[in-house]
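Could you walk me through this structure while I have it open in my viewer? I would like to know what to select at each stop and what I will find there.

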Amino acid sequence: MPTFREYTFLSTNGSTKINVRRFDPDGPACGVVQIAHGVSEHISRYDGFMKLLAENGYIALGNDHLGHGASVNSEDELGWFSENDGWNVLIEDMRKLHDITCAENPGLPYFLFGHSMGSFLTRTYIIKYPSDLAGAVICGTGQQSAALVGAGKAAASMICKLKGTKHRSRLLGGMAFGSYNKSFEPRRTDYDWLTRDESIVDKYLEDPLCGFLPTAGLFRDMMTGIAFISSPDNIAKMNKELPVFFISGDLDPVGENGKGPAKAYAAFKSAGMHDVSIRFYKNCRHELLNELNKEEVLKDVLSWLETRLPGE
């Protein structure tokens, strides 16, 4: 039975305690998997995945990003990163957790698993810290055009300037998420695009820490991050030997039904990455770990991790 513990560390912002959830295996660990969650959710939604990883020998952990879950100082900070440079604050918090964990468990192969916004964070991390990891799994990602990202960033920046970084703009929310549910008619809820598993969607809707409208500052910062990871010059900075596994539902609107992950995969290959693979899951939507066929997804992730361990 895996051992669970919860703890905090001080954010790079110097004022917020970052909440961490961690599951340890019974015996010696074969590696570490650090998880980066998506926007408008929290890390405890990954408890089942982390337990499974721990049952297979991995230390599995992840933090609530700033403005999410328990990593907030007040209610108005929900869905807010920082006045300035919020995306890099999140990256440095991920780096802090990495360093804390490595100090406690030296020498273990270290993997990142990033979903949705967490996939964009993971893609940023492997550019900024190309030698830290044994591999990365990029789940539910996208690859927006430079024009679309630029327009989104400009709109968010303008609203931040006029109304403040903590303002919640339905216009920005509609620009970011408004089209995601259109393909799933007749619609039962506004979040049918997450997964075909209706029980998961209902739990998401009932959770006050999920589905909230993020702030203008978060949208500005996330667009800044997406622009960063879309630059060929930045992609070229990645460690060419780093194993990367893209996974996506072929009906995931965040990835434009597979087009986005395919573009990201092609960009990685063009940059000279030697061990990049991609898998699409038929009829699956955005949250692969919560899909009806999640056992297939989990089996594939575990197999990929195992074959990237030293000596395998």
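Start by selecting Asn257. Asn257 is partly exposed, because its relative accessible area of 41% falls between the 20% and 50% cut-offs. Keep in mind during the tour that this is a predicted model. You will find Asn257 in the loop between S7 and H9. Look at its backbone too: phi is positive, about 55 degrees, although Asn257 is not a glycine.

Now select Glu256. Glu256 sits in the loop between strand S7 (244-249) and H9. Here phi is near 50 degrees, again a positive value in a residue other than glycine. Glu256 has a relative accessible area of 40%, so it counts as partly exposed.

**Into helix H9**

Next, select residues 259-270, which form helix H9, and pick out Ala262 within it. Is Ala262 buried, partly exposed or exposed? With a relative accessible area of 34%, Ala262 is partly exposed. Show what surrounds it: leaving aside neighbours within four places in sequence, Ala262 is in contact with Ile278 and Phe280. Then add Thr141 and draw a distance between the C-alpha atoms. Ala262 and Thr141 are 121 residues apart along the chain, and their C-alpha atoms are separated by 9.7 Å.

**A tyrosine in strand S8**

Select Tyr281, which belongs to strand S8 (residues 276-281). Tyr281 has a relative accessibility of 1%, so it counts as buried. Which residue does the side chain of Tyr281 join in a polar contact of 2.6 Å? The partner is Asp300. Show the other surroundings as well: beyond four places in sequence, the contacts of Tyr281 include Ile247, Ser248, Gly249, Leu288 and Val297. For one more distance, choose Glu291, which is 10 residues from Tyr281 along the chain; the two C-alpha atoms are 9.9 Å apart.

**A glutamine in strand S3**

Move to strand S3 (residues 31-36) and select Gln34. Its relative accessibility is 1%, so Gln34 counts as buried. Turn on the side chains of Gln34 and Tyr110 to find the polar contact of 2.5 Å that joins them. Setting aside neighbours within four places in sequence, Gln34 is also in contact with other residues, among them Leu61, Asn63, Met94, His98 and Phe113.

**Helices H1 and H10**

Now select a pair of helices: H1 (residues 47-55) and H10 (residues 294-307). How are they arranged? Their axes are 12 Å apart and they pack at an angle of about 45 degrees. H1 and H10 are therefore oblique to each other, and their crossing is right-handed. To see the contact itself, show Phe49, Leu52 and Leu53 on H1, then Leu298, Val301, Leu302 and Leu305 on H10. Colour these residues by type and you will count 7 nonpolar, no polar and no charged.

While you are at H1, select Lys51, which is in this helix. Lys51 is partly exposed, with a relative accessible area of 40%. Apart from neighbours within four places in sequence, Lys51 is in contact with Pro2 and Phe23. Try a distance to Pro2: it lies 49 residues from Lys51 in sequence, yet the C-alpha atoms are 6.5 Å apart in space.

**Helices H4 and H7**

Select a second pair, H4 (residues 146-163) and H7 (residues 216-230). Their axes are 8 Å apart, and the packing angle is about 150 degrees. H4 and H7 are therefore roughly antiparallel to each other. The crossing of H4 past H7 is left-handed. On the H4 side, the contact includes Val149, Gly152, Lys153 and Ala156, while the H7 side includes Phe219, Arg220, Met223 and Thr224. Colour the contact residues by type here too: they divide into 9 nonpolar, 4 polar and 2 charged.

**Last stop: a cis peptide bond**

Finish by selecting Glu185 and Pro186 and zooming in on the backbone. Which form does the peptide bond from Glu185 to Pro186 take, cis or trans? The bond is cis, with omega near -10 degrees. To place it in the fold, show helix H5 (170-177) and helix H6 (198-206): Pro186 is in the loop between them.

Key
Residues are numbered from 1 along each chain as its sequence is written. This is a predicted model: local features need pLDDT of at least 70, side-chain atom pairs count only at pLDDT 80 or more; totals for chains, interfaces and linings use all residues. Side-chain values use heavy atoms; hydrogens and water are left out. Helices (H or I, at least four residues) and strands (E, at least two) are DSSP runs, numbered from the N terminus. Buried means under 20% relative accessible area, exposed over 50%, partly exposed in between (1.4 Å probe, protein chains only). Contact means heavy atoms within 4.5 Å. A polar contact is a pair of N or O atoms within 3.5 Å; within protein, one must be able to donate a hydrogen and the other to accept it, and residues adjacent in sequence count only if both atoms are side-chain atoms. Axes are lines fitted to C-alpha atoms, for helices over the stretch in contact, and angles run from 0 to 180 degrees between N-to-C directions. Angles under 35 degrees count as roughly parallel, over 145 as roughly antiparallel, 65 to 115 as roughly perpendicular and the rest as oblique. A crossing is left-handed if the near helix is turned anticlockwise from the far one by less than a right angle, and right-handed if clockwise. Ala, Val, Leu, Ile, Met, Phe, Trp, Tyr, Cys and Pro count as nonpolar, Asp, Glu, Lys and Arg as charged, and the others, Gly among them, as polar.
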